[in-house]
Amino acid sequence: MLEMRPDCERCGADLPAELSGAFICSFECTFCADCSDALDDRCPNCGGELVDRPTRAKAKLEKFPASAVRKFKG
């Protein structure tokens, strides 16, 4: 199951699990659409491709909550 990280690792933008607009690599490094574009859809951590992260239905978030651990280092 995906962690569904709550923020962009590059700019800190909030990325709610139930909304589109997040991009991830195969290690689940997570970036917003603007940062993914600026990175040319390549993860700066591993070099992997950044792809659209699926959303998680609100009805499933209670039983399967998204991660609350923020990765933005500021």
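A contact here means heavy atoms within 4.5 Å, and on that basis residues 24 or more positions apart account for 54% of the contacts with a separation of 6 or more in the chain of this predicted model.

**View 1. The whole chain, with its two helices and three strands.** Followed along the sequence, these elements come in the pattern β-β-α-β-α. The radius of gyration of the chain is 12 Å, close to the 11 Å given by the globule rule for 74 residues, so the chain is as compact as a globular protein of that length. Taken along the principal axes, the box filled by the C-alpha atoms is roughly 35 × 25 × 20 Å.

**View 2. The open sheet, in which three strands are arranged in the order β2-β1-β3.** The pairing within this sheet is antiparallel. Because β2 (30–32) and β3 (51–52) stand at the edges, each with a single partner strand, one side of each is left without a neighbour in the sheet. As general background, strands of a sheet pair through backbone hydrogen bonds, either parallel or antiparallel.

**View 3. The pairing of strand β1 with β3.** Strand β1, which covers residues 22–24, runs antiparallel to β3, and two bridges join these strands. Within this pair, the residue that stands opposite Asp-52 of β3 is Phe-23.

**View 4. Asp-40 and Asp-41 in the loop between α1 and β3.** Asp-40 is placed in this loop, which follows α1 (33–38), and its phi is near 55°, a positive value in a residue other than glycine. Asp-41 lies in the loop between α1 and β3 as well, and Asp-41 also has a positive phi, of about 55°, although it is not a glycine. As to solvent accessibility, Asp-40 has a relative accessible area of 61% and is exposed, whereas Asp-41, at 32% relative accessibility, counts as partly exposed.

**View 5. The surface and the charged side chains of the chain.** The accessible surface comes to about 4,700 Å², and carbon and sulfur atoms contribute 51% of that area. Of the 74 residues in the chain, 38% count as buried. The charged side chains comprise 11 positive and 13 negative ones, and the centres of these two sets lie 6 Å apart.

Conventions:
Residues are numbered from 1 along each chain as its sequence is written. This is a predicted model: local features need pLDDT of at least 70, side-chain atom pairs count only at pLDDT 80 or more; totals for chains, interfaces and linings use all residues. Side-chain values use heavy atoms; hydrogens and water are left out. Two strands pair if DSSP finds at least two bridges between them. Helices (H or I, at least four residues) and strands (E, at least two) are DSSP runs, numbered from the N terminus. Buried means under 20% relative accessible area, exposed over 50%, partly exposed in between (1.4 Å probe, protein chains only). The radius of gyration is taken over C-alpha atoms; the globule rule is 2.2 Å times the number of residues to the power 0.38. Accessible areas come from the Shrake-Rupley method with a 1.4 Å probe; for residues, only the protein chains shown count as cover. Lys and Arg count as positive and Asp and Glu as negative; His and the chain ends are not counted. The place of a charge is taken as NZ of Lys, CZ of Arg, CG of Asp or CD of Glu.
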